[in-house]
Amino acid sequence: MTRHCWFPDNTVLCNFAAVDRLGLLEKILDGRGRWTQAVSAEAQQSTRYWPRLRQVTEDGWLGDPIEIDDPAETARVDRIRRVVFGGSPSRPLQHLGEAETLVIIEHRRELADSVWITDDGEAGRYARRKGIRVKNTVDLMRKAVVAGLTPASEGHRLLLAMAAAGRHVRDVPHRPEGLLP
C-alpha cells in the first residue's frame, strides 16, 4: 500500500515558521511531505519575513521540488492560475504555487491520493469540488495532538500564537479541547 503525499502551501509553512515549530510540521508529515517548484520559490522569498523557513530546504524534508515541465501541464497550471485564482497575466507568479499543486494532484496518477494543506478557503473549496482532499493548519494540529506529538493545550497555544503573529489560520477552536477527537 502506498502512503499518500501531503502538500503544504507556503501559507502553512509560514504559519509553523512564525512560531518556530517547523520541526513539529515535519513530524506531522512523517516523511510524506512534498512541494512544487513554485511553493519552494515562495518559501524562499518568505525567508525575509520568516528566516526559519530556510530550515525546510536545508533539512530536505519536503524533498526536491516537483517540477512542471510538460507543455500541457504548464498550460493547465497557467489556466488554473488565471481562471480559478484570478492570477494576472502581468504577474505570472501570482497564485502559481496553488495552481501547480492542484494540477499535479489532479493529473498525475502517482499523486492522485495526495492531500493539499492550505488555509486559503476559496482554494480549498475549489479543490474539494475537484475531489482533492484538503486539510488546513488546524487539521494538522489536531493530527499532532492525536498522534501524541503535542498536548492539546500546547497545540492550541501555538495556533493562537500563529494568529497573534499576523498569520491567517482558519477555524481555530475556542478551547484546547477543540483539538481532541
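Buried residues account for 48% of the 181 residues in the protein, which is seen here as a predicted model. The protein contains nine helices and three strands. Its radius of gyration is 16 Å, close to the 16 Å that the globule rule gives for 181 residues, so the protein is as compact as a globular protein of that length.

**Overall fold**

- Along the sequence, helices and strands follow one another in the pattern β-α-α-α-α-α-α-β-α-β-α-α.
- Taken along the principal axes, the box filled by the C-alpha atoms is roughly 45 × 40 × 30 Å.
- Of the contacts between residues at least 6 apart in sequence, 65% join residues at least 24 apart.

**Surface**

- The exposed area of the protein is about 9300 Å².
- Carbon and sulfur atoms supply 48% of that exposed area.

**The sheet**

- The three strands form an open sheet, in the order S1-S2-S3, with parallel pairing.
- Strand S1 (6–8) and strand S3 (133–135) are the edge strands, and each of them pairs on one side only.
- On average, neighbouring strands of this sheet are turned by 25° against each other, direction ignored.
- Strands of a sheet pair through backbone hydrogen bonds, and the pairing may be parallel or antiparallel.
- Strand S2 (residues 115–117) runs parallel to S3, and three bridges join the two.
- Ile 117 has Lys 135, in S3, as its bridge partner.

**Cysteines**

- Zero disulfides are found in a search of the whole structure.
- Cys 5 has a relative accessible area of 16%; because this value is under 20%, Cys 5 counts as buried.
- Cys 14 has a relative accessible area of 4%, and Cys 14 is therefore also buried, the cut-off being 20%.

**Val 77 and its surroundings**

- Val 77 lies in helix H5, which covers residues 71–84.
- The relative accessibility of Val 77 is 5%, so this residue counts as buried.
- When neighbours within four places in sequence are left aside, Val 77 is in contact with Ile 68, Leu 96, Ala 99, Glu 100 and Val 103.
- One of these contacts, Glu 100, is 23 residues from Val 77 in sequence, while the two C-alpha atoms are 5.6 Å apart in space.

Technical notes:
Residues are numbered from 1 along each chain as its sequence is written. This is a predicted model: local features need pLDDT of at least 70, side-chain atom pairs count only at pLDDT 80 or more; totals for chains, interfaces and linings use all residues. Side-chain values use heavy atoms; hydrogens and water are left out. Two strands pair if DSSP finds at least two bridges between them. Helices (H or I, at least four residues) and strands (E, at least two) are DSSP runs, numbered from the N terminus. Axes are lines fitted to C-alpha atoms, for helices over the stretch in contact, and angles run from 0 to 180 degrees between N-to-C directions. The radius of gyration is taken over C-alpha atoms; the globule rule is 2.2 Å times the number of residues to the power 0.38. Buried means under 20% relative accessible area, exposed over 50%, partly exposed in between (1.4 Å probe, protein chains only). Contact means heavy atoms within 4.5 Å. Accessible areas come from the Shrake-Rupley method with a 1.4 Å probe; for residues, only the protein chains shown count as cover. A disulfide is a pair of cysteine sulfur atoms within 2.5 Å.
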